[in-house]
Every structure is written in C-alpha cells, then in structure tokens.
Amino acid sequence: MKSENRSYYEIYALGDSAFTIEFGKDIHPETNDHVIARFKQFQENPIKGIIDLIPAYHTLTLCFDLTQISQPKYGLNTLIEHVKLRLEEPVDIGEISQNLHEIPVVYGGKNGLDIIRVSLEKEIDVNEIIRLHAEPTYRVYMLGFIPGFAYLGELNKVLSMPRKSIPQPIIPGSIGIAGLQTGIYPSISPGGWNIIGHTDFPLLKNDLPILQPGDRVKFIPQNQI
Amino acid sequence: MSLIVHKIGILDTIQHFGIRGQQSKGIRPGGVMDLFSASIANALVGNKLTEDVVEIHFPACEIIFKKSCMISLVGADFTAKLNEKYLPLNRPILIPDESKLRFIAPKSGRIVYLAVQGGLAGQGQLEKSQEIDFKKKQKLTTDFIHIFPWSADTTWRTDAPEIHVIQGREWERLKEESQRQFCCKPVKISNHSNRMGYRLQHKPFYTRTNEEIISSAVNFGTIQLLPNGHTIVLMADHQTTGGYPRIAHVISADLPKFAQKSPGDEVIFHLTDQETAEKEWQAQQKHIKQIQNISQLKLNESFEKNSHKL
C-alpha cells in the first residue's frame, strides 16, 4: 500500500446539482488509482447533501441534493470547502482488484462494420488494426454509461478515432473504440463509438458487472478477415 | 386500490423519483421527467411528494379504476375524460368504482402525471392487464365524480420558451458566433426526443477544437455537443457518463418546463449562474411545499364537513 497526496486537482460545475474533481489531464493508471481511492474516501465517510458519486478515468463527480445545499446557511461554496479539506487528507491507494479476463473477439464482419471505415480513414490494413487492438493488456478504468459497460484504456494512439456524429443503435457484445478508449457494449444502446468487433463474453452476472475497475482485459482475436 | 391498464400507451410508465447512489456501477437515477408536476400531483391527493406516479405521454394509455379513489392529473393537457366527463388538471378528484380514464387529444405540454391517493404500491410495470374485458361491464357512469373546488397554481410550468442554463466545462470550445447563437437564437425540439435525451434543431455550432475528450460523468440537463455541430439535452434516463463536449446544463428549476416541450416547440437558452439557479430552485420547492400544506388543510376540512354524510 502506498499513501499518496496528489496536489493537482481542478473542480468544475456539472450543472447546478453536481461538480467534478479532475485529478489529471490524461488517461493514466496512477491518476485512476487516485480517483478510485478518493471515491472510496467519500463513500466511506459521506458528506451531508452528497447523494451520488461517479468515478471515471481521471475525474470524480459528486452529485448533491440541491434542496439541502441551496439553504442560505449551507450553500454550494461551503460544500466545496468541505470537499477541499477532504482532498487535503492523504488517501491509501489500496489493493485494487486486478483479475485478468481473456475476451474472445470476432473482428470485422457484420457486427464490426466500422473496422472498414477505420481502415480507410487511417490507411491501415484491417489485420494490422486487429493486431494493434488485441496487442495491449487493457486496464478497466471505470464503469459507467449503462450497467456493465467497462471503459478500457489505453488504446494505441494510431487507432484513435473520433466519436460518430450521431449516436447509432448498438447491439450487445459490440467492441467499440473512441479516442484512446475501447469498451464493450453489454446491452442494446445508442452509442457514438466505432464498432470494430463482437464478443459473446458475458458482461453481467445477475445484473451485476463482471469487469471491475482495476481489472485487466486481453482481447483474443478469433478470426482473420 | 385497484388500477387496471385497459389499453397501453407505448411510453407510459410508473415512475419513481430517481434511484440515488448507484451511478458508480453505471446505474442511472432515472425517475420522473417533470419533477414539479409529479410532486404537485402527489400534493393534491395528500400523498408524500415522492410517491410513485403514472407518467403519461400521448398517445396515452386507458386506465380502469376498479375501486373508488382520489386522483389528480398535473402537467400536459391531453383532454382527459373519465367515463363521459371531462376532467380538469390540477385538482383532486374523487372517482367512483369501475371508472375508465382516457385521453382524447393533446392540447398542450408533453407529459401528464396521474397521482392516486395512497400511491401505486404493488402496481409494478404499466402493462396491459389481462384480467378483465371491460366492454362486458356495466355502463360507465358520470355520477359520483366529485371534482374538488380548489386547484393548484402550476403557472411555474409556463409555456414561455426561455430556458436557463449554466456554462459547461467545454463551453469555451464554441466559437464566439456559436456562443451568441446558442444564447439568443431559438432552437427547436426535434422528433428524435425521448426519456434519454431531447435532440435540438438549429444551425450547426462551430468549435475551436475537435479534440476528443476523456469520458466522465454527465447530468440530467447536460447539453452535449455532437461532432456534427448539433446538440442533445440529456433527460431523466440519461447514461451516467459520456464523452461528447458539455457546452451547458439546464438549471434544475427549468428542467420541468423543458421536459414539457414537444417536438417542434421552440426554446431560447439564457445563461445564468449558480446563485440564481439555487434561488429559482428554492422558490420552486417553496411553492410545491405551500401547495402541499394547503392541499392537506383543504382535504382535511372537506372530509370533516362531509363526514356526517358518509
């Protein structure tokens, strides 16, 4: 266990009923360790008025009950002062789960059509895209979006693609890429990521996510196109 | 209390007031789209403000009440009819056994809330009920429908187009001309709108950078900028996180008004600050509380006065 006290953070408003603490600028395992540690700190020792915590890659968002917070005697600024004091306290970067999941992927085909577009846009052979995508052992940085969706990083920079202009319907088991992120859609959902493959790997067990923050994921290609 | 869905409305649901504390697992809060109308519907029948309600869109469901009960309708005007009598909005109404509630035509607003005194506990999903064939039942009666002689002031949910927003993290990405366009030019609600989000129709916005952002939390009311320059406002069933730039957020006090906008309706965004957003919210909560207190008082008085008749 190492104890850490990161000095860098920035707080910004996420509407009038939530704010986000940003602990870094990039996708980085150490930043994410810190996010998870701070999440646990606020979860174990709740602050009055905070009703939800949303950890992400490099941010932790605190949602608050506007009715409690907007009382003249309390107020958002007072709440943020409380939070800042908490951030002064060092946190333990505890034992984070590190299970390795090997996930079989069928790249391309009718359930991975966007691989063609990625190939054309990047001028990279489809087989090379598969190799580059399956090469790293990814880290599960966060859960979010919809139940069971695990955000993985970090994707090879060569494969970095913008999100689609308009979110499209996406089927369960779809493997998507966007920016330096990759992930698997656990259920039908609209989504803006580029879909390059498909897996039958179960992502939910009794409605609970199987992949946990800190876990490792290795994609195993099942075919060549 | 026995409520039977005679005909389903595709989008109609029984709604709670949001699940909290589960977003770290990707479980969205969900809940009613228009918190103001739903709370007042509950207040009118003497429920706690956060009792489950039926959220009704048009084309709407038809509901049969097996037993006499007290109901209220608040929000959109869909020309509600109980048996053969038109029902007003914003009032407590006593209805007799074997009543049928239906909605004839949408006149204003997008969502109406039905609250039932004592709540909807045990009703579960709003699915078509198999258990009766209503046509075989006796003639619908308009006798014994009692509309109480007071109504709640819901003018907060005005039809005015102004919607107040707070700047988002990526506001500065918009070029100045697009910032100006966003702040004062009307935009239209698109047909592609549902409980997850309302898409907006406007001239595309231009940005200084298209750099991809790292996904993080989003909120009810977050206005995301899509790469094609269009925008989407995240609503009650929004995902917990997202990666499109967040240019602004609708303030909590204006979300009910915004939720009631139908496809084709115009809205005009106005920038405001946290302090104003909090004041507006406090004022709105106070208004709901007042309606709750007055309703309780009037209901009590009315039952005392009429108790000798029962």
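**Exercise 1. Which residues line the largest cavity?** Name them, then sort them by class.

*Solution.* The model is a predicted one.
- Step 1: list the wall. B:L73, B:A76, B:D77, B:F78, B:T79, B:A80, B:L87, B:L89, B:F103 and B:V112 line the largest cavity.
- Step 2: assign the residues to elements. Strand β5 (residues 69–77) of chain B is the top contributor, with three residues.
- Step 3: sort by class. Eight lining residues are nonpolar, one is polar and one is charged. Asp counts as charged, so the charged residue in the list is B:D77.
- Step 4: add the volume. The largest cavity holds about 40 Å³. Two cavities of 30 Å³ or more are counted.

**Exercise 2. Describe the largest pocket: its volume, its wall and the chains that build the wall.**

*Solution.*
- Step 1: take the volume. The largest pocket has about 880 Å³.
- Step 2: find the centre. Of the 36 lining residues, A:D65, B:F17, B:R20, B:L35 and B:W281 lie nearest the centre of the pocket.
- Step 3: trace the elements. Chain A supplies two or more residues from each of β5 (59–64) and α2 (66–69). Chain B does so from α1 (35–44), β19 (246–250), α3 (255–259) and α4 (274–306).
- Step 4: pick the main contributor. α4(B) gives the most, with five residues.
- Step 5: sort by class. The lining has 17 nonpolar, 15 polar and four charged residues.

**Exercise 3. What is the strand order in the open five-stranded sheet of chain B, and which strands stand at the edges?**

*Solution.*
- Step 1: write the order. It is β1-β4-β9-β6-β7 in chain B, with antiparallel pairing.
- Step 2: find the ends. β1 (3–7) and β7 (85–86) of chain B each have a single partner strand, so one side of each has no neighbour in the sheet.
- Step 3: check one inner pair. Strand β6 (residues 80–82) and strand β9 (residues 99–103) of chain B are antiparallel, joined by three bridges. Within this pair, B:L82 has B:L101 as its bridge partner.

**Exercise 4. Strand β20 (residues 266–271) of chain B pairs with β12 and β13 of that chain. In which sense does each pairing run, parallel or antiparallel?**

*Solution.*
- Step 1: recall the rule. Strands of a sheet pair through backbone hydrogen bonds, in one of two senses, parallel or antiparallel.
- Step 2: take β12 (residues 162–167) of chain B. β12 runs parallel to β20(B), over four bridges. B:H164 faces B:H270.
- Step 3: take β13 (residues 187–193) of chain B. The pairing of β13 with β20(B) is antiparallel, with two bridges. Here B:V187 is opposite B:V267.

**Exercise 5. How much area is buried between chain A and chain B, and how many salt bridges join them?**

*Solution.*
- Step 1: count residues. Chain A brings 51 residues to the contact and chain B brings 39.
- Step 2: take the area. About 3,700 Å² is buried, and carbon and sulfur atoms give 55% of that.
- Step 3: look for charge pairs. There are four salt bridges between the chains. One example joins B:E212 to A:R163, at 2.5 Å from N to O.

**Exercise 6. Locate the backbone features listed here: two cis peptide bonds and a non-glycine residue with positive phi.**

*Solution.*
- Step 1: chain A. The bond from A:G153 to A:E154 is cis. A:E154 sits in the loop between β9 (150–153) and β10 (168–170) of chain A.
- Step 2: chain B. The bond from B:F58 to B:P59 is cis. B:P59 belongs to the loop between β3 (53–56) and β4 (62–65) of chain B.
- Step 3: phi. A:F145 has a phi of about 70 degrees, though it is not a glycine. A:F145 lies in the loop between β8 (138–143) and β9 of chain A.

Conventions: Residues numbered from 1 in each chain as written. Chains lettered and ligands numbered in written order. Predicted model: local features only at pLDDT ≥ 70, side-chain atom pairs only at ≥ 80, totals over all residues. Heavy atoms only, no water. 1 Å grid on protein atoms, 1.4 Å probe; cavity = no way out; pocket = protein on both sides within 12 Å on 5 of 7 lines; lining within 4 Å. Points joined across faces, edges and corners; volume = space filled by probe spheres on them. Pairing = 2+ DSSP bridges. Contact = heavy atoms within 4.5 Å. Buried area = accessible area lost by both parts, 1.4 Å probe. Salt bridge = Lys/Arg side-chain N within 4 Å of Asp/Glu carboxyl O.
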